[in-house]
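Here is a short report on one protein model. Read it with the structure open beside the text.

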Amino acid sequence: IEKASDRLQKLGLSPEEPFISIHLRELPNAGVDFRTVDIATYFPAIKEALNLGYKVVRFGSSHMSPLPTFNGLIDLVADSPGDNSLDLYTIWKSSFLVSTVSGPAGLANWIGTPALTTNVPSIGIHTLSGVSNNRYLPQVYLRENGKALSLSETLESPLGFWHGALSDEIPAVPRVRKNSPEDIRLAVREMFFLTNGGGRRDHELEATALKIRRENNSASFGKVSSEFLERNQNWVT
């Protein structure tokens, strides 16, 4: 713990400074994996966290894309390529983690660090409910005409429980609407208020989403971002 703290301090993070961590699955070179994202869509969220007084620590594997220079961003991928020895400490000490469906998101849940898991496919199985301030941003699937499937329609189809890595598991590769930069930015702001004692906003949309998930045999029931529900009310009605 002392060694990890000292190493991060040398990279610009003092022990008393609050920070969030970020780990994202990036777009693959080939194949279909709906867990992956375009890292550029997270830049406004990084700026939002910095504006809210956090520093941001990005960790992951050495093949990840470089990030722009932001004052207050510590990029372990660039600063310590191939060295993942700080990952566990970073998750543990974070105010919260911003992630995609991945090992670090599950690990955060196990050790008690709140996580905002973004661009979640298979909403019926990938929403762990362990940490009270966990929040999820689901992907939205689209029909051929571009109209979005609702939560209930998604859970009534294989898409609600499809892992999103192998396109031959379903008849055709579905169209999907990934989380927008604004979706992610607002959800990060929501996490800031949640983890700083701002209170939970339990409202009718959250109750409706929970009812739909229970009626459609979801295996996990972590909370969907309130900001997302308010901006996508047709998804749960």
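H23 of strand β1 (19-23) stands opposite S99 in β4 (97-99). Strands here are DSSP runs of type E with at least two residues; helices are runs of H or I with at least four, and both are numbered from the N terminus. This is a predicted model, in which local features need pLDDT of at least 70 and side-chain atom pairs count only at pLDDT 80 or more, while totals for chains, interfaces and linings use all residues. Residues are numbered from 1 along each chain as its sequence is written, and side-chain values use heavy atoms, with hydrogens and water left out.

**The sheet**

Strand β1 runs parallel to β4, and three bridges join them. Four bridges join β1 to β2, again in parallel. On that side, I20 stands opposite V56 in β2. Two strands count as paired if DSSP finds at least two bridges between them.

Six strands form an open sheet in the order β3-β2-β1-β4-β5-β6, with parallel pairing. Why is one side of β3 and of β6 left without a neighbour in the sheet? Both stand at the edges, each with a single partner strand, so one side of each has no neighbour there. Neighbouring strands are turned by 15° against each other on average, direction ignored. Axes for such angles are lines fitted to C-alpha atoms, for helices over the stretch in contact; angles run from 0 to 180 degrees between N-to-C directions.

Strand β5 (residues 115-120) runs parallel to β6 (residues 135-138), and three bridges join the two. L116 stands opposite R135 in β6. T117 stands opposite Y136 in β6.

Two helices pack on this sheet. Helix α5 touches β1, β4 and β5, and its direction makes about 150° with that of β4. Helix α7 (residues 181-195) touches β4, β5 and β6, and its direction makes about 160° with that of β5. Contact means heavy atoms within 4.5 Å.

**What is covered**

Buried means under 20% relative accessible area, exposed means over 50%, and partly exposed lies in between (1.4 Å probe, protein chains only). Strand β1 is mostly covered: five of its five residues are buried. In a regular strand the side chains alternate between the two faces of the sheet. From β1, F19, S21 and H23 point one way, and I20 and I22 the other. From β6, R135 and L137 point one way, whereas Y136 and P138 point the other, and all are buried.

Helix α2 (residues 43-51) also has buried residues: F43, A45, I46, E48, A49 and L50. Their cover includes β1, β2 (55-58), β3 and α7. Just after α2, G53 takes a positive phi of about 100°.

L73 lies in strand β3 (residues 73-75). L73 counts as buried because its relative accessible area is 17%. Leaving out residues up to four places away in sequence, L73 touches L50, V56, L67 and P68. L73 and S226 are 153 residues apart in sequence and 27 Å apart in space, C-alpha to C-alpha.

**Two positive phi values**

Most residues other than glycine have a negative phi. Here are two asparagines with a positive one.

| Residue | Phi | Relative accessibility | Location |
|---|---|---|---|
| N119 | near 50° | 1%, buried | strand β5 |
| N217 | near 65° | 64%, exposed | loop between α8 (204-215) and α9 (226-231) |

**A nonpolar patch**

Which residues form a nonpolar patch on the surface? They are I1, L88, W92, W110 and I111, with about 600 Å² of accessible area together. Helices α4 (87-93) and α5 (103-111) each give two or more residues to the patch. L88 lies in α4. L88 is partly exposed, with a relative accessible area of 48%.

Patches are made of residues with over 30% relative accessible area and no salt bridge; like charges are joined within 9 Å, and nonpolar side chains (Val, Leu, Ile, Met, Phe, Trp, Tyr) within 5 Å. A salt bridge is a side-chain nitrogen of Lys or Arg within 4 Å of a carboxyl oxygen of Asp or Glu. Accessible areas come from the Shrake-Rupley method with a 1.4 Å probe, and for residues only the protein chains shown count as cover.
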